[in-house]
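Colleague: I would like to learn how to read surface features in a model. Please take me through one case.

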Amino acid sequence: MMRETNGHDEWKVAIEKGQELLEQGKKEMAKAAEMAKEKGEEAWEAARKKGREAWEDVRASGLNALDDVRDKGEEMWEDAAKLIKKNPTRALGLTLLVGVVIGALLSRDRD
């Protein structure tokens, strides 16, 4: 003999099943959120590390370039000192010529 129901038991079972699925979904979402947080922290650390490495590379390149420029400047200064010691009259004449050219350019701009 079949038992007749008013559907109340079926609704109760469906609601309980829905609650179980909801709880399971919450647990899965919490796991996913934790994984995303961990991955986010890993990505943040990786980005910071890459940024730090890039900064160190740029800084080292800049310091190397500064050293190169400083060395070139010192070499040019030494070459100029040697040239002046070797040809003092020519160096004095060149200095006077440069002074006259600069003076002419400055006075021309005033007019």
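Modeller: Start with Leu97, which is exposed because its relative accessible area is 53%. Exposed means over 50%, buried under 20%, and partly exposed in between, with a 1.4 Å probe and protein chains only. This is a predicted model, in which local features need pLDDT of at least 70, side-chain atom pairs count only at pLDDT 80 or more, and totals for chains, interfaces and linings use all residues. Residues are numbered from 1 along each chain as its sequence is written, and side-chain values use heavy atoms, leaving out hydrogens and water.

Colleague: Where is the place of Leu97?

Modeller: Helices are DSSP runs of H or I with at least four residues, strands are runs of E with at least two, and numbering starts at the N terminus. Leu97 sits in helix α2, residues 88–110. The protein chain has 2 helices and 0 strands.

Colleague: Which residues form a nonpolar patch with Leu97?

Modeller: A patch takes residues with over 30% relative accessible area and no salt bridge (a side-chain nitrogen of Lys or Arg within 4 Å of a carboxyl oxygen of Asp or Glu); nonpolar side chains (Val, Leu, Ile, Met, Phe, Trp, Tyr) are joined within 5 Å, like charges within 9 Å. Here Leu97 is joined by Leu94, Val98, Val101, Ile102, Leu105 and Leu106. Together they have about 630 Å² of accessible area, by the Shrake-Rupley method with a 1.4 Å probe.

Colleague: How much of the protein chain counts as buried?

Modeller: Of its 111 residues, 2% are buried. The C-alpha trace spans about 130 × 40 × 15 Å along its principal axes.
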